[in-house]
Number of protein chains: 2
Amino acid sequence: MSKGLTTRAEDYSRWYTDVIMAAQLADYSPVKGCMVIRPNGYALWEKMQAALDKMFKDTGHVNAYFPLFIPESFMKKEAEHVEGFAPECAVVTHGGGKKLEEPLFIRPTSETIIWSMYKKWIQSHRDLPILINQWANVVRWEMRTRLFLRTTEFLWQEGHTAHATAEEAEEETIKMMNVYAKFAQDFMAIPVIRGIKTEQEKFAGAVRTYCIEAMMQDKRALQAGTSHNLGQNFAKAFDVTFQDENGDLKLVYATSWGVSTRLIGAIIMTHSDDKGLVLPPKLAPVQVVIIPIWKGDDQKDAVLQKVEEMTIQWNGRFAFKVDDREGYRPGWKYNEWEQRGVPLRIEIGPKDVENNQVMMARRDNGEKTAVPMANLSMTVERTLETIQNDLFKKALAYRDENLIEIDSYDEFKEKINDPGGFFWAHWCGQNACEDRLQEETKATIRCIPIDDSKRVEEGTCMLCGEPSHERVIMAKAY
Amino acid sequence: MSKGLTTRAEDYSRWYTDVIMAAQLADYSPVKGCMVIRPNGYALWEKMQAALDKMFKDTGHVNAYFPLFIPESFMKKEAEHVEGFAPECAVVTHGGGKKLEEPLFIRPTSETIIWSMYKKWIQSHRDLPILINQWANVVRWEMRTRLFLRTTEFLWQEGHTAHATAEEAEEETIKMMNVYAKFAQDFMAIPVIRGIKTEQEKFAGAVRTYCIEAMMQDKRALQAGTSHNLGQNFAKAFDVTFQDENGDLKLVYATSWGVSTRLIGAIIMTHSDDKGLVLPPKLAPVQVVIIPIWKGDDQKDAVLQKVEEMTIQWNGRFAFKVDDREGYRPGWKYNEWEQRGVPLRIEIGPKDVENNQVMMARRDNGEKTAVPMANLSMTVERTLETIQNDLFKKALAYRDENLIEIDSYDEFKEKINDPGGFFWAHWCGQNACEDRLQEETKATIRCIPIDDSKRVEEGTCMLCGEPSHERVIMAKAY
């Protein structure tokens, strides 16, 4: 590669953009706030979609598609919802050359349009539950945008379920938070803290919002998925009732949950290094790149023939690519594939052919070893698994190192900027302290943990000194 | 089922809507012109997407994602393109609570936004070809809409490729028309005519448009896919040049091609009957439904246990569902699954268990036969294949019966309404005759065939009597 990337130490934010540009994951578009997801980035998204979609289907969900447009009047039916979302909507006022009678909002999320349909589809308890997911684009007008993390248009999935009882809805909400946590840990190799959002941070229109929070390498938090128990708020707004077994008319309970292309940002910022992108093997569109090395046609034929023999059984086992382009030096190729985050590189030259071996280089830790050609595919499979596990362990260790109990607000104000981290702190539960925290430190309460990072103990609010019964997680966030 | 569907003979158009509603493929939304694709319809679309996506990738294409919004100024850069599309665009004038400086069009198709990016990505012949596809929603303001066939918003894929030479672009254009034809025939079981659109019917901004045309059961044509050779029109509009091997600066050549959820309408109208939806097995989300029949708990246990044994090896071979719902009569279930188009039904009762057999009923022709339990999965697989082939043969026979040579305009004017069909007719090549045809008969020139339905022979234009060298296909169309 001709020019190096900005390093994390130099400028974390520029490093992030450099990694994306060098890996050709995305590009800025001429439309303000919108990005283009390039083929390398989209291939990653496709693998994420496939894994998530399978998990949704395995838990009984089906996909559907609802309109992009939401009539203004629908948005207004749920008071908190419109207050939360209307200010950031894009609005269509003209169509087919004419001014519209009623402006159409472009969906920032689809609760309202979907619940207007559920009203048509739900009459009896036999129609419940409805477990629908949608893969779609949504638009939220953003002033300050950042590739993948915050763009005016983004891709996501949004689940919208309808249930007969409050218990079922709560169970679904928690189930989907756990699906997200499992996906984050098993596929993205990102450890997450599961928790509940504060009243002020919850989804506009929800009774309760569950979330998963991940720590990036700059120790900021990234909200990596949310699952909302909507109670009967949308059923009330759209008058959606059902007849139960006894013939009584009851309001329906709702949940919604979503993750977006922002997760690509989380993967980049959790694993990548100063050389560029690092991808977890389970999500890497190319898992193994083979670089044949030769001088002259005789060597070339011998090496390429060996590569062919070697890989003949590989299709379907893992995704590999042979980079036999002419006119590029091996070192140049190594660099390019490193920037693109390919987990494993195999180098094979004439000497290797003679010795029945190859050189294998791991992207995550740079380890380079000679391995025998015999059983190579098994070695590759095992190494990919090891890389997947090692990435998770490394991220977990980093997260845990930077997850700190704190009791003094003065100390917090210092440490939140340097060294930064996730801070377990006592909070009284009042909005005033939460607001003050954000104003004075730009940190927020990320969640009240409900997993093994939960810390139930008596204490006093770090800000006001009033009693508190458990610690919350405070951090600066993306 | 309680109420029957409208029959095709009674009212073809109402029959079409009834089939969709009974199969729960889609529903009308409260947003004018937009539909909701319900889970049954979306599952079908997912199978179509998977098959098409594989064909695109097997021919070297990759997926990406470009913004929903197109600045007004971009639309105007290609004169024919803006003339063709601007009148049917939805326009965003406000975002984030403010009036926008420049209105944003919602993409009706993405040539302009994509070519503005290709300008950034293409410098050298080494950057070519670019073979990108996008799965996306698009919006075209429609006054008269119809589920799947014509809606304001629809889902589609759009391929956009960039090439160094005119020959390569033409080759790509034809290749993708052939991919569409293969998909139509092999998966949708729909025979199509491949051809070229007239100058007036071609895509706004194209040099030449190739298409595939299918005949519906009411003998109308449905354009089932188009592939455009865009020449250098968009490269000129967006100033996209590359340095060739000799260092000379040249304009890039382009193609674009697309199919949409309208194909679901084509499947419905090609195969379905008065009982409801008929799906080709290769695209049916549920290929086989098993209806266990019992009276009393003892029978129930015996039958369900047999079903379990029978299907234990079926996962991954075909998609099946066991309908063991209580409180519904078998006949009611048969009807429901028939309406949903499931290709094969297996009935199994206590007598069948005793005799080691099941009853198998084909959705396409109603044939019902007793088949032995031994090797049942192979029988099912073979029968699904047979159904797939029979559906195609039946559609082909119907199409060929109604593909008629005609020379007299008077005769044409009569026959186009009754019995209707596709008509091979001579046309002089002039716009005036094409316009007159449409005004007087509402039929259009569907295409100039380039497959074995091509008819090169000297003749005279059916409308004006001037010389013609080959026949074109005329029909009424959706």
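A residue counts as buried if 20 or more other C-beta atoms lie within 10 Å of its own, and as exposed if 12 or fewer do. The exercises below apply this and related ideas to a predicted model.

**Exercise 1. Decide whether B:Ala189 and B:Asn375 are buried or exposed.**

Solution. Begin with the place of each residue. B:Ala189 is found in the loop between α6 (166-186) and β9 (193-196) of chain B. B:Asn375 belongs to the loop between β19 and α12 of chain B.

Next, consider the backbone. B:Ala189 is not a glycine, yet its phi is positive, at about 60 degrees. B:Asn375, also not a glycine, has a positive phi of about 60 degrees.

Finally, apply the count. B:Ala189 has 27 C-beta neighbours inside 10 Å and therefore counts as buried. B:Asn375 has 11 C-beta neighbours inside 10 Å, so this residue counts as exposed.

**Exercise 2. Describe the overall form of chain A, and compare its radius of gyration with that of a compact globule.**

Solution. The inventory of chain A comprises 14 helices and 24 strands. Along the principal axes, its C-alpha atoms fill a box of roughly 80 × 55 × 50 Å.

For the comparison, a compact globule of 478 residues would have a radius of gyration near 23 Å; the value for chain A is 25 Å, which agrees.

Two further values complete the description. Of the 478 residues of chain A, 47% count as buried. Among contacts between residues at least 6 apart in sequence, 68% join residues at least 24 apart.

One helix illustrates the buried part. In helix α8 (residues 262-271) of chain A, 10 of its 10 residues are buried; among them are A:Arg262, A:Gly265 and A:His271.

**Exercise 3. Determine which symmetry relates chain A to chain B, and how the chains meet.**

Solution. First, superpose the copies. A turn of 180 degrees with a shift of 0.0 Å along the axis lays chain A on chain B with an RMSD of 0.0 Å. This is the relation of a two-fold axis. The C-alpha of chain A nearest the axis is that of A:Val92, 2.1 Å from it.

Second, examine the contact. Chain A contributes 42 residues, and chain B contributes 42 residues. On the side of chain A that touches chain B, the largest share, 6 residues, comes from strand β5 (residues 90-95) of chain A. That side divides into 27 nonpolar, 9 polar and 6 charged residues.

Third, compare the two sides. Since 100% of the interface residues of chain A are also interface residues in chain B, the copies meet through the same surface.

Fourth, follow the strands across the interface. β5(A) and strand β5 (residues 90-95) of chain B pair in the antiparallel sense over 5 bridges. Within this pairing, A:Gly95 stands opposite B:Ala90 in β5(B).

**Exercise 4. Find which residues are in contact with B:Phe66, leaving aside its neighbours within four places in sequence.**

Solution. B:Phe66 lies in the loop between β3 (62-63) and β4 (69-71) of chain B. It counts as buried because 26 C-beta neighbours lie inside 10 Å.

With the neighbours within four places left aside, its contacts are A:Val36, B:Ser110, B:Ile113, B:Ile114, B:Met117 and B:Gln134. By contrast, a separation of 53 Å lies between the C-alpha atoms of B:Phe66 and B:Val303, which are 237 residues apart along the chain.

**Exercise 5. Establish the strand order of the open sheet of 5 strands in chain B, and state which strands stand at its edges.**

Solution. The order is β16-β15-β17-β18-β19 (chain B), with mixed pairing. β16 (320-322) and β19 (368-372) stand at the edges; each has a single partner strand, so one side of each is left without a neighbour in the sheet. On average, neighbouring strands are turned by 25 degrees against each other, direction ignored.

One pair may be taken in detail. Strand β18 (residues 357-362) of chain B runs antiparallel to β19(B), joined by 5 bridges. B:Gln357 stands opposite B:Pro372 in β19(B).

Helices complete the picture. Helix α12 (residues 376-401) of chain B packs on the sheet, touching β15, β17, β18 and β19 of chain B, and its direction makes about 10 degrees with that of β18(B). Helix α9 (residues 296-311) of chain B lies across β15 (288-292), β16 and β17 (344-348), running at about 155 degrees to β15(B).

**Exercise 6. Locate the cis peptide bond that joins B:Asp418 and B:Pro419.**

Solution. The omega of this bond is about 15 degrees. B:Pro419 is found in the loop between α13 (409-415) and β21 (422-426) of chain B.

Terms used
Residues are numbered from 1 along each chain as its sequence is written. Chains are lettered from A and ligands numbered from 1 in the order in which they are written. This is a predicted model: local features need pLDDT of at least 70, side-chain atom pairs count only at pLDDT 80 or more; totals for chains, interfaces and linings use all residues. Copies are superposed by least squares on the C-alpha atoms of residues with pLDDT of at least 70 in both. Two residues are in contact if their C-beta atoms, placed from the backbone, lie within 7 Å. Helices (H or I, at least four residues) and strands (E, at least two) are DSSP runs, numbered from the N terminus. Two strands pair if DSSP finds at least two bridges between them. Axes are lines fitted to C-alpha atoms, for helices over the stretch in contact, and angles run from 0 to 180 degrees between N-to-C directions. The radius of gyration is taken over C-alpha atoms; the globule rule is 2.2 Å times the number of residues to the power 0.38. Ala, Val, Leu, Ile, Met, Phe, Trp, Tyr, Cys and Pro count as nonpolar, Asp, Glu, Lys and Arg as charged, and the others, Gly among them, as polar.
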